[in-house]
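Colleague: I have just opened this entry and would love a guided tour. Could you walk me through how you reach your conclusions?

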Amino acid sequence: SSNTGATKPQIRNKDMLALKRYITAKDNLNPYEDGRLQPNTLLIDLTHSNLKQRHIEIRFDRHDTIATVKQRIHQKTGTPPHFQHLILKSSGNILHEIPASDGPSSS
């Protein structure tokens, strides 16, 4: 016999409830409006042209210098700042390029 009047079991574990809220959250909400991000925080998806690495949603401050950004990328990838050629893209379109510098003293 089929039980069509069955109710869904209730989740009582706090961790599982938190996971359920995370999974079923509305992804289309603006993270700045719902409090997940501060106004000066930028989320960057970082890829590396020579390494098979992808770092998703690295947080940077809107006021970070290029030297600071390159230093953080160095920490993530191991590529020294003076070898980094940065390409800022949005939806696949190149917005800005910052070429690699000639030596370790300039970045």
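Colleague: Which residues lie nearest the centre of the largest pocket, and how many residues line it?

Modeller: Happy to help, and please keep in mind that this is a predicted model. The lining is made up of 31 residues, and those nearest the centre of the largest pocket are Leu46, Ile73, Leu86, Ile87 and Leu88. Two or more lining residues come from each of strand 1 (41-47), strand 2 (54-61), helix 2 (66-77), strand 3 (86-90) and strand 4 (93-98). The volume of the largest pocket is about 950 Å³.

Colleague: What is the lining of the largest pocket made of, by class?

Modeller: The lining has 13 polar residues, 12 nonpolar ones and six charged ones.

Colleague: Why is tyrosine 22 called exposed?

Modeller: Tyrosine 22 has a relative accessible area of 67%, and exposed means over 50%, so the name applies to tyrosine 22. You will find tyrosine 22 in helix 1 (residues 14-24).

Colleague: Which residues make the nonpolar surface patch?

Modeller: Tyr22 is one of them, along with Ile11, Met16, Leu19 and Ile23, and the patch covers about 550 Å².

Colleague: What pattern does the protein chain follow along the sequence?

Modeller: The order is α-β-β-α-β-β, with two helices and four strands in the chain.

Colleague: How much of the protein chain counts as buried?

Modeller: Of its 107 residues, 16% do; the cut-off for buried is under 20% relative accessible area.

How values were computed: Residues are numbered from 1 along each chain as its sequence is written. This is a predicted model: local features need pLDDT of at least 70, side-chain atom pairs count only at pLDDT 80 or more; totals for chains, interfaces and linings use all residues. Side-chain values use heavy atoms; hydrogens and water are left out. On a 1 Å grid over the protein atoms alone, a cavity is a set of points where a 1.4 Å probe fits but cannot get out, and a pocket is an open set with protein on both sides within 12 Å along at least five of seven lines; lining residues have an atom within 4 Å of a point. Grid points are joined across faces, edges and corners, and a volume is the space filled by probe spheres set on the points. Ala, Val, Leu, Ile, Met, Phe, Trp, Tyr, Cys and Pro count as nonpolar, Asp, Glu, Lys and Arg as charged, and the others, Gly among them, as polar. Patches are made of residues with over 30% relative accessible area and no salt bridge: like charges are joined within 9 Å, nonpolar side chains (Val, Leu, Ile, Met, Phe, Trp, Tyr) within 5 Å. Accessible areas come from the Shrake-Rupley method with a 1.4 Å probe; for residues, only the protein chains shown count as cover. A salt bridge is a side-chain nitrogen of Lys or Arg within 4 Å of a carboxyl oxygen of Asp or Glu. Buried means under 20% relative accessible area, exposed over 50%, partly exposed in between (1.4 Å probe, protein chains only).
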